[in-house]
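Student: I should like to learn how to read salt bridges, a nonpolar core and a charged patch. May we take them in turn?

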Amino acid sequence: MTDRSSSTDSEAVCTCKLGRVATQYELAGLNDDLVAYWTGDGDDQRSTRELATYVNHRVLEAALEEADIPPKEGEVENTYRLLTDDDVSSGTRVQTRNELQRDGVPIDRVESDFVSHQTVYNHLTDCLGAKLETPSDEERLERSSEKLGALQNRTAAVTADTVAQLERNEVVAIGDFDVTVSVTVTCEDCLQEYTIRELLENRACDCHASDADGA
């Protein structure tokens, strides 16, 4: 059950990061959209992580339009993926940033204006007064995924820094390199192995798939 008694105003201004970004990029109606999506029912409900992506898509779209680059269908989503997805290589990301910079998009500023799911949550609860009695299963999964992803990214960053330092000191020899950290979970009942991302997306291993479907 959701509490939607708090009214929102798409023109309201607050001083949190999301409020400043919405004002700067003139994202009309954003507050109403965020509350409606967050407190929606069933398939209409979106997690704060999904809402962060939604906000960032609108920020990127506004930046492209400001640079006189009317985005084609799907272009905003794909460009954002190339800028932020962990599966995109560093070379592709750099190339995408360079192309945007060449076309007049201040990509450094735009990326600094991207918001996190926690920023969205704080904006919804502290600034807009939106409430959910209990987090949805999707929210729990998103928060867990975010926490585990942060740990993996930190491990990858520490590993990359260590290898680079060893290479600079000529302790190891290596060319350009990328570091990938993968966490796997093995079910001892069916002996199936999954990456943590696969397990969270599937929400069950093979031997418990029927239980998840019936939940």
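**Reading charges and core**

Tutor: The structure, a predicted model, holds 10 salt bridges. One of them joins the side chains of Arg58 and Asp33, at 3.5 Å from N to O. Arg58 belongs to helix H3 and Asp33 to helix H2, so this pair ties together parts that are 25 residues apart in sequence.

Student: Is Arg58 buried or exposed?

Tutor: Buried means under 20% relative accessible area. Arg58 therefore counts as buried, at 19%, whereas Asp33, at 27%, counts as partly exposed.

Student: Which residues are joined with Asp137 into one network by salt bridges that share partners?

Tutor: Consider two of the pairs. Asp137 forms a salt bridge with Arg140, with the closest N and O atoms 3.5 Å apart; these residues are 3 apart in helix H8, about one helical turn. Asp137 also meets Arg203, at 3.3 Å from N to O. Arg203 lies in the loop between helix H9 and helix H10, so its pairing with Asp137 in helix H8 ties together parts 66 residues apart in sequence. Through shared partners, Asp137, Glu138, Arg140 and Arg203 form one network.

Student: How should the nonpolar core be read?

Tutor: In soluble globular proteins, nonpolar side chains tend to be buried together. Here the largest nonpolar core has 34 residues, among which Val110 and Leu124 touch the most other members. Helix H3 gives the most to this core, with 9 residues.

Student: Which residues form the negative surface patch?

Tutor: The patch is formed by Glu61, Glu65, Glu73 and Glu77. Glu65 is located in helix H3 and is partly exposed, at 45% relative accessible area.

Methods
Residues numbered from 1 in each chain as written. Predicted model: local features only at pLDDT ≥ 70, side-chain atom pairs only at ≥ 80, totals over all residues. Heavy atoms only, no water. Patch = residues over 30% accessible without salt bridge, like charges linked within 9 Å, V, L, I, M, F, W, Y side chains within 5 Å. Areas by Shrake-Rupley, 256 points an atom, 1.4 Å probe, with all protein chains shown as cover. Salt bridge = Lys/Arg side-chain N within 4 Å of Asp/Glu carboxyl O. Lys, Arg positive; Asp, Glu negative; His and termini not counted. Charge placed at Lys NZ, Arg CZ, Asp CG, Glu CD. Helix = DSSP H or I, 4+ residues; strand = E, 2+ residues; numbered from the N terminus. Buried < 20%, exposed > 50% of the residue type's maximum accessible area, 1.4 Å probe, protein only. Core = buried A, V, L, I, M, F, W, Y, C linked by side-chain atoms within 4.5 Å.
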